[in-house]
Amino acid sequence: MSENGDNEAAGLGPDGKRGLLDKLRQTSEASGRNRAARLSRLPQAPARQVQSFEELPEYQRVNVQRAAGEMIGVANPFYRSHDRAAGATTVVAGHELINFASYDYLATNTDPRTLEAAKATVDRFGISASASRLVAGERPVHTELEMELASVYGVDAAVTFVSGYLTNVASISCLMGPQDLVIHDEFIHNSALAGIKQSGATRRLFRHNDVENLESVLRTLSTEFRRIMVIVEGVYSMDGDIANLPALLELRNRYGFWLMVDEAHALGVLGATGRGTFEHYGIDPKEVDIWMGTLSKTTSSCGGYIAGSQALIDILKAEAGGFVYSVGLAPVLAAAARCSLQILRSEPERTDKLHRNGALFLECARAAGLDTGLSLGFSVVPVIVGDSLRAVQLSNELLEQGINVLPIIHPAVPEGMARLRFFITCDHTEEQIRRSVAVTAERLKDLQERNFGLASLDMDKVMQLAPLLQAAGKS
């Protein structure tokens, strides 16, 4: 049918179409003239100058950190480039290292079945989904992965997102709004904080893993809001301890909030078969309203997911901007994640080996006098150093000894709580664990005896940074 025929079928001939466009333009022009008239009555602001990024205090802070490292001769430990897939070992700058800086807890990333599934999917679908799943990005592997996730959690349904960070941002901001309240553990991940901020909900925190403190917050605020959500992590990524799920569910049943549990570091790790926090405690997973997790750790892929009731998933697939307006998860990533889940379910001995390795690392670290904080010895074991500069130097010295582990420093943790964060896998050997702990204890003791750290800096050198510090402090 011709263009004219289309217009006429819609009740618009050529003249009608031109008339409609003229009317739209006239309305727009009238609105613009009214706005211009209003603005002309306001005092004219001085011309605004384009601000250089180099002038921003954020950039000056980067400069301070860079200059400080160069001045005191401490190399930047971040952005180390790996020459191959990183698991229990890796290669950096041509040197093979014992690796405690990757999340491949069950060693599925290089499993031949994962690689074969990924290659077959690339051959069939290419790399990208090339569109939002609502329009042209849906592939069978998406629904297959989501069914697998729902089965692992024993819930109705699941939905996947292209980023773990985006999963929290999109889901929280979709479900919560300005009339609502989100209460979170004080050590919750930054992505949850970003989701709360975007939602416009009121935010409150409770002391880490302190259920009594959470109840005191609920008792004073629960009647003021339309909806209430409480967010915790199954395994806390900085400290390696576990949420008190039974106590949280008891509060949920009394105060009527939604409970959201971030399983990023718990899937594949907790429970006899690695199904996560609910299996660890022997709890019906349907008692938890929202299971959230990432695909980049145990499932050796990239992306995130929400699992729960069918109604929850239907809402997110229809309303969550990060799903509706984002390209679908790359089919190859979905296939790799699904294969990793199948390995998790068919080979529970991997989770058992991970448990034994984590317990051994924790036992050795404590015996060596290292401060492991709150860790229970599962997927994450921190070694708390205290001083940020000392933590960075310890990481660099361990690299020289053939051990790759990264520091977590201020502002990611409070100054005085800097640490090295060891990620344990099922593929680490007993010899690797014992040697790494022994070398860590030895190098840390040497740094302590030399009083290496922020307190020992040459004040003359520190004063040379004063201009940069002043620039960084300007708003």
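Accessible areas come from the Shrake-Rupley method with a 1.4 Å probe. On that basis, the protein chain of this predicted model has an accessible surface of about 23,100 Å², and carbon and sulfur atoms account for 52% of that surface.

**Figure 1. Overview of the protein chain, with its 19 helices and 13 strands.** Of the 475 residues in the chain, 49% are buried. Among contacts between residues at least 6 apart in sequence, 72% join residues at least 24 apart.

**Figure 2. Surroundings of R350 in helix α15.** Helix α15 spans residues 349-367. The relative accessibility of R350 is 14%, and the cut-off for a buried residue is under 20%, so R350 counts as buried. Two polar partners of the R350 side chain are shown. One is the side chain of D111, with which the R350 side chain makes a polar contact at 2.8 Å. The other is the backbone oxygen of A107, which the side chain of R350 reaches at 3.2 Å. Leaving aside residues up to four places away in sequence, R350 touches L106, A107, T108, D111, R113, I343 and C426. A107 and D111 thus appear again in this list of contacts.

**Figure 3. Surroundings of M238 in the loop between β6 and α10.** Strand β6 covers residues 228-233, and helix α10 covers residues 245-255. M238 has a relative accessibility of 24% and therefore counts as partly exposed, a class that lies between the limits of 20% and 50%. When residues up to four places away in sequence are not counted, M238 touches P382, I408, V413, R419 and R421. One of these contacts is with R419; the C-alpha atoms of M238 and R419 are 9.0 Å apart in space, while the two residues are 181 residues apart in sequence.

**Figure 4. Packing of helix α6 against helix α14.** Two packed helices are described by the angle between their axes and the distance between the axes. For α6 (residues 140-153) and α14 (residues 331-346), the angle is about 30 degrees and the axes are 9 Å apart. Helix α6 is therefore roughly parallel to α14, since angles under 35 degrees fall in that class. The crossing of the two helices, α6 and α14, is left-handed. On the α6 side, V141, H142, E144, L145, E148, L149, S151 and V152 take part in the contact. Their counterparts in α14 are P331, A334, A335, A337, R338, L341, Q342 and R345.

**Figure 5. The cis peptide bond between H410 and P411.** The omega angle of the bond that joins H410 and P411 is about 10 degrees. P411 is placed in the loop between β12 and β13. Strand β12 consists of residues 406-408 and strand β13 of residues 418-423.

**Figure 6. Y79, a non-glycine residue with a positive phi.** The phi angle of Y79 is about 65 degrees. Y79 is found in the loop between helix α3 (57-72) and strand β1 (89-92). With a relative accessible area of 82%, Y79 is exposed.

**Figure 7. S300, a non-glycine residue with a positive phi.** For S300, phi is about 50 degrees. The loop that holds S300 lies between strand β8 (290-294) and strand β9 (304-308). S300 has a relative accessible area of 11% and is therefore buried.

Definitions and conventions
Residues numbered from 1 in each chain as written. Predicted model: local features only at pLDDT ≥ 70, side-chain atom pairs only at ≥ 80, totals over all residues. Heavy atoms only, no water. Helix = DSSP H or I, 4+ residues; strand = E, 2+ residues; numbered from the N terminus. Buried < 20%, exposed > 50% of the residue type's maximum accessible area, 1.4 Å probe, protein only. Polar contact = N/O pair within 3.5 Å; in protein donor to acceptor, adjacent residues only side chain to side chain. Contact = heavy atoms within 4.5 Å. Axes fitted to C-alpha atoms, helices over the stretch in contact; angles between N-to-C directions. Parallel < 35°, antiparallel > 145°, perpendicular 65-115°, else oblique. Left-handed = near helix turned anticlockwise from the far one by under 90°.
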